[in-house]
Number of protein chains: 2
Amino acid sequence: MYYHIMETIVLVEVRMKILVAGLGLIGASIAKSLKKNTSHYILGWNRTQSVTLKALEDGAIDETGTLDELIPQADITIINFYTDAIIPFVMENRDKFKKGSIVTDSCGIKTMICRTLEKEKFDFYYIGAHPMAGREVSGYDASLPTLFDNASFICTPTNAPKSKIDTVLELAREMGFKRTVVTTPEHHDEMIAFTSQIAHVLACSYVLSPLAPQHAGFSAGSYRDVSRVARINGEMWSELFIANKEPLINEIDDLVNNLEKFRAAIQDEDRDILIDLMAQANRIKEEIG
Amino acid sequence: MYYHIMETIVLVEVRMKILVAGLGLIGASIAKSLKKNTSHYILGWNRTQSVTLKALEDGAIDETGTLDELIPQADITIINFYTDAIIPFVMENRDKFKKGSIVTDSCGIKTMICRTLEKEKFDFYYIGAHPMAGREVSGYDASLPTLFDNASFICTPTNAPKSKIDTVLELAREMGFKRTVVTTPEHHDEMIAFTSQIAHVLACSYVLSPLAPQHAGFSAGSYRDVSRVARINGEMWSELFIANKEPLINEIDDLVNNLEKFRAAIQDEDRDILIDLMAQANRIKEEIG
């Protein structure tokens, strides 16, 4: 008589308690997308309490309370504050985070934060992250449960174990992110200086031309698209720019250098150089998008 | 006995013969929008004859022929060539245009063309124009009957009588343009340097960063929007840039100057200056769009 042993793997979704600290555009969109797409239990906290109560009323979070009450319960804490407030928040609450839990953040720069926190001995795992999405409007009322659909989630772990990193990436996929990218904080910051920060700097620099106020009637799609991100929250972005000083200055210098190439070719009426510069740019857009 | 004399004004749409010379993106879109929205009779001509035949087959034009056959019939001739070909076309055919007819063009720069042609004694009226619309793709196959819906039509007459200018503006409205603007060639070129040309120069300069090829996974809406118009026809734009040298160089200098202000403030970690620059840019976008 033979016995056949069947192995069955049952996938059980683990219902975690997730604390979303900071309920502005990004934090509240994280809470809303978690509520929409997962069965995790969402704890929410915001400095301005009227916002927390609104989030509770809207069903964007399941529970609120004081940080002393909330932090020790959380399996994952997601910090959504301005750049300069993230390290102080982690340090002040370092003894409250649940042992073995994950602490992450959504800040748009990573080197300064990740390389500072990796030097500490914590009972929890800090894993830096950057959900790549935004809007020209900010604050709780601008948040959307669909903000991250089709977006990239970038994760910049330094000293966390693979299982903890996988938990963060899996959560991102559950939230609706289309793509997850794992890289170093330094590579993240260099790429973000190019894809996001310099785009904002140049949109602002563009609309600061003395001719901008007269543009109506003289503009089509190019003005609209190039200037869009000049609608900007200067309080937040000024912090991000300074925190990512070196890579961003490199990008400004590259951009100015390319503009000067166009300027010189136009000055010299050198069509060949202009055609060559535009052929290179066109090729990049055709091949890479 | 009293006689009452009634005056009746009957508005009769005058069916004109309109010659569209050049059936690329703009020319063919003009022909298609005229066919779609008016009952004018459309003559079409293109250097590459296969394109003319395609347009005839598609019903984008009513008739074709040689320039010697077509030009003398036209009440309005619309020239849709590259910048450098417009003045030669007008001069070579100056004795063929119908007496009292209108000759116009769709070229994106106006001063050089309008100020050259106004010095000539013609039997017809030359009125420069610029339909403010475009796409990242070019050629007949990219043309659309709806390309000008919601767009601006700019007209830069120099020495034409009001009745002829009104005919051109009325035709633009019939074609679907939402707004018509009448200005000087010089003001047009200065504004276009800002709203269109510098936007293309900076989009190209942006994607020429060495980091562009790696952007996938690190970019959201800002990269996409700011870089869109780097998909560009360098043959055409190099001509336009050189033909509008002075205003465009002024705009490049203004832009570089603003970028340098950001650079200096980031270098000095001066948040107040950064916040102030972004507040100005944000105000322009909020108030003017």
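Start with the contact between two helices of chain A, in what is a predicted model. On the H7(A) side, the residues are A:Ser196, A:Gln197, A:His200 and A:Val201. Facing them from H9(A) are A:Trp237, A:Leu240 and A:Phe241. Sorted by class, this contact of H7(A) with H9(A) has four nonpolar residues, three polar ones and no charged ones.

Now the geometry of that pair. H7 covers residues 185–207 of chain A, and H9 covers residues 234–243 of chain A. Their axes come within 11 Å and cross at roughly 120°. An angle from 65 to 115 degrees would count as roughly perpendicular, and one over 145 as roughly antiparallel. H7(A) and H9(A) are therefore oblique to each other. As for handedness, H7(A) passes H9(A) in a left-handed crossing.

Next, the two chains. What turn lays chain B on chain A? The turn is 180°, with a shift of 0.0 Å along the axis, and the RMSD is 0.0 Å. That is the relation of a two-fold axis. Which residue of chain B has the C-alpha nearest the axis? That residue is B:Val226, with its C-alpha 2.2 Å from the axis.

On the interface: of the interface residues of chain B, 99% are also interface residues in chain A, so the copies meet through the same surface.

Last, the confidence figures. Chain A has a mean pLDDT of 94, and 96% of its residues reach 70 or more. For the complex, the predictor gives an ipTM of 0.87 and a pTM of 0.87.

Definitions and conventions. Residues numbered from 1 in each chain as written. Chains lettered and ligands numbered in written order. Predicted model: local features only at pLDDT ≥ 70, side-chain atom pairs only at ≥ 80, totals over all residues. Heavy atoms only, no water. Axes fitted to C-alpha atoms, helices over the stretch in contact; angles between N-to-C directions. Helix = DSSP H or I, 4+ residues; strand = E, 2+ residues; numbered from the N terminus. Parallel < 35°, antiparallel > 145°, perpendicular 65-115°, else oblique. Left-handed = near helix turned anticlockwise from the far one by under 90°. Contact = heavy atoms within 4.5 Å. Nonpolar A, V, L, I, M, F, W, Y, C, P; charged D, E, K, R; others polar. pLDDT = per-residue confidence, 0-100. Least-squares fit on C-alpha atoms with pLDDT ≥ 70 in both.
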